[in-house]
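Please walk me through this structure in connected prose, beginning with its charged pairs and going on to its helices and its core.

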Amino acid sequence: MSFDPMAAAIDWLDAYRAGDIDAILKMYADDAVVHCGCGGTKTITGKDGLRAYWFDRLRKYPAFDLYNLQPTYVGT
């Protein structure tokens, strides 16, 4: 099975638009570590930490303006 980055992005966007934290969390490995520069530098670990992070992000930044994403290729 190959990885399709566009399909993964669409799945993530659908979950974000729906506010589906469980679907978002399923996209992370069990041992995921997220480094975020949002609101100051943060390191988020564990499912509980990720759940709290996404709960806060979805509340503060709903996906009203995320639509019609197009891939952009950068390179030579």
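Arg17 and Asp14 lie 3 residues apart in helix α1, which means that about one helical turn separates them. In this predicted model, their side chains meet in a salt bridge with an N to O distance of 4.0 Å. With a relative accessible area of 42%, Arg17 falls in the partly exposed class, and Asp14, at 40%, also counts as partly exposed. Side chains of opposite charge can pair when their charged atoms come close.

A comparable spacing recurs in helix α3, where Lys60 and Asp56 are 4 residues apart and therefore separated by about one helical turn. The side chains of these two residues meet in a salt bridge at 3.4 Å, N to O. Lys60 is partly exposed at 46% relative accessibility, and Asp56 is partly exposed with a relative accessible area of 22%. Arg59 joins this pair, in that Asp56, Arg59 and Lys60 are linked in a network of salt bridges.

Another salt bridge is formed by Asp22 and Arg51, whose closest N and O atoms are 2.8 Å apart. This pair connects distant parts of the chain, since Asp22 belongs to helix α2 and Arg51 to helix α3, with their positions 29 residues apart in sequence. Both partners are partly exposed, Asp22 with a relative accessible area of 41% and Arg51 with one of 36%. The total for the model is 4 salt bridges.

These pairs sit within a chain of 76 residues, of which 21% are buried. The secondary structure consists of 3 helices and 2 strands, and from the N terminus on the elements follow the order α-α-β-β-α. Where contacts are counted between residues at least 6 apart in sequence, 45% of them join residues at least 24 apart.

Helix α1 covers residues 5–18, and its 14 residues should span 20 Å at 1.5 Å a residue; because its end C-alpha atoms are 20 Å apart, the model agrees with that expectation. At the start of this helix, a side-chain oxygen of Asp4 comes to within 3.1 Å of the backbone nitrogen of Met6. After the helix comes Gly19, which has a positive phi near 70°.

Which residues of α1 are buried? They are Leu13, Ala15 and Tyr16. Seen down the axis of α1, the buried residues fall within an arc of 165°, so they line one face of the helix. The elements against which these buried residues pack are α2, residues 21–25, and α3, residues 46–60.

Tyr16 also appears in the largest nonpolar core, which has 15 residues; the members with the most contacts inside that core are Tyr16, Ile24, Ile44, Leu50, Tyr53 and Trp54. At least two residues of the core come from each of α1, α2, β1 (33–36) and α3. The largest share, 4 residues, is supplied by α3. In soluble globular proteins, nonpolar side chains tend to be buried together.

Taken together, helix α3 brings several of these features into one element: it supplies the largest share of the core, it holds Arg51, the partner of Asp22 in α2, and the buried residues of α1 pack against it as well as against α2.

Note on methods
Residues numbered from 1 in each chain as written. Predicted model: local features only at pLDDT ≥ 70, side-chain atom pairs only at ≥ 80, totals over all residues. Heavy atoms only, no water. Expected span 1.5 Å × (residues − 1). Buried < 20%, exposed > 50% of the residue type's maximum accessible area, 1.4 Å probe, protein only. Arc of directions from axis to C-beta. Contact = heavy atoms within 4.5 Å. Polar contact = N/O pair within 3.5 Å; in protein donor to acceptor, adjacent residues only side chain to side chain. Core = buried A, V, L, I, M, F, W, Y, C linked by side-chain atoms within 4.5 Å.
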